[in-house]
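Subject: Structure for your files

Hello,

Here is the structure we talked about. My notes on it follow below.

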Amino acid sequence: MTDILHSPVFLPGYALEAVPRYTSYPPATQFNDGICGGAWAGWMSETPAEPVLSLYVHIPFCRSMCWYCGCNTTVPNRDSRIERYLEALLTEIATRPAPAGGKVHHVHFGGGSPDMLSPARFGAVMDALRARYDFAADAEIAVELDPRGLDSRLCEALAANGVTRASLGVQDLSEEVQTLIHRIQPREQVEAAVRALRSAGISRINMDVMYGLPAQTIGRVETTARAVAEMDADRVSVFGYAHVPWFKKHQRAIPEDRLPGAQARFDQMLAAARTLTEAGYSAIGFDHFARPEDPLAQAARDGSLRRNFQGYTDDPYDILIGFGASSISEAPQGYAQNIPDPARYAEAMVSDGSAIVRGTARSWREGRIGERIMQLLCTFDIPLDGDLFDPDALDGVIADGLARLENGHLKVTPAGLPYVRNIAARIDPGFQPAGQKHSRAV
Ligand code: SF4
């Protein structure tokens with residue numbers, strides 16, 4: 001990714017192309033309603049001995065809606081909604097079929113804003129997880145947090161429950177952008193959140209920054225990227241804003257005439273990458289950055305980097321079990337997803353004992369293609385398996401200088417790094433331009 005700084009070529013035909021994010025394979029857009037709780041139970045009865053487990057817990061609640069939000073979340077008008085959801089979540093944790101002998105190495109709380117749980121409720125979820133699963137002594141427990149919802153009491157409660165890593169949404173620090181996206185959080189507020197986390201003993205901090213937001217400029221992106229480096233984030237994810245108001249209705253509040261154009265988005269992405277690498281971060285894949293001593297950077301160096309629903313990860317799981325509304329579980333046999341709506345999720349847990357409603361089985365061949373796509377997105381270099389994909393499909397990206405063939409390998413060129421998802425789509429035999437189903441590449 002660092003090389004991208006040396007050959008920044010804006011190619012609108014690729015930058016505007018709608019391609020999967022490839023956080024799973026087959027992509028989530030190909031999930032169908034043929035997978036239910038019974039299928040998951042069957043998969044769990046035939047898993048390898050002593051699998052490495054990863055757990056994901058979705059908390060779909062926020063204090064207020066950010067207009068750019070693409071997550072599955074709601075703003076609850078009554079505390080009883082959270083209480084009912086929590087009861088269903090605890091039931092799912094206690095009863096969800098899981099493989100025997102597995103050990104948990106990672107737990108991730110995502111949302112929404114998991115800080116919407118009171119310390120007592122967060123403790124109840126952790127107690128339920130520990131009662132049901134065997135945790136490795138050095139298990140990482142990571143929580144996504146809204147800096148606006150943090151105080152020292154909550155940070156201490158998170159630390160007392162074993163939380164080791166926090167992920168803070170920063171996005172952009174300029175007041176004008178924050179006003180337009182309905183998320184006011186001055187730099188001082190983020191710094192106070194970091195201080196509260198670190199003094200509670202949660203020292204590993206991730207931050208998210210964005211480009212492509214209304215009124216963003218290269219200067220504002222650089223200022224934000226410099227600030228997260230000065231706050232000494234261990235990892236930084238750089239996301240492009242996906243404007244899909246036909247799908248996420250609240251995004252209609254975003255003034256479209258203030259959104260940067262495609263070339264400006266590309267330049268902002270490069271500005272973030274340049275600022276972070278100049279501040280000493282290692283580039284990870286195409287949109288993550290990490291301090292060289294962080295385990296994610298180590299995984300990139302030793303070849304164990306992976307990609308899943310949280311983006312790039314060093315999590316070595318065999319099986320990922322997702323709890324809560326919309327969460328996705330992954331096993332060697334395929335993917336299973338829960339009902340997205342929190343109220344319907346809670347109803348399904350009461351009436352059916354399972355909230356799994358869709359997913360996809362993964363054939364052996366799809367598993368191999370998925371491995372190759374993940375390898376391409378992590379290392380930019382894969383063996384050219386003629387039995388898996390049609391090399392002719394690569395003619396266009398090779399002619400355009402985005403990739404080259406060398407000694408039986410497909411290698412992404414520096415010019416092709418921003419477009420690696422487009423290249424992945426060429427080796428995905430199931431890819432069909434899906435219009436509004438996927439996000440643009442840059
Ligand atoms: S805090 Fe995060 S999840 Fe909640 S509305 Fe804002 S962006 Fe979405």
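**Domain interface and ligand shell**

Across the interface of domain 1 and domain 2, one residue pair is in polar contact, both residues at pLDDT 80 or more; a polar contact is a pair of N or O atoms within 3.5 Å, where within protein one must be able to donate a hydrogen and the other to accept it, and residues adjacent in sequence count only if both atoms are side-chain atoms. On the side of domain 1 that touches domain 2, α9 (262–278) and β10 (306–308) supply at least two residues each, and α9 gives the largest share, four residues (helices, H or I, of at least four residues and strands, E, of at least two are DSSP runs numbered from the N terminus).

This is a predicted model: local features need pLDDT of at least 70, side-chain atom pairs count only at pLDDT 80 or more, and totals for chains, interfaces and linings use all residues. Residues are numbered from 1 along each chain as its sequence is written, and side-chain values use heavy atoms, with hydrogens and water left out.

The domain assignment, automatic or from a database, gives domain 1 as 28–361 and domain 2 as 364–440. Their contact (heavy atoms within 4.5 Å) takes 14 residues from domain 1 and 15 residues from domain 2. The C-alpha centres of the two domains lie 27 Å apart.

The residues around the ligand (a heavy atom within 4 Å of it) are C62, S64, M65, C66, Y68, C69, G112, S113, D146 and R183.

Regards
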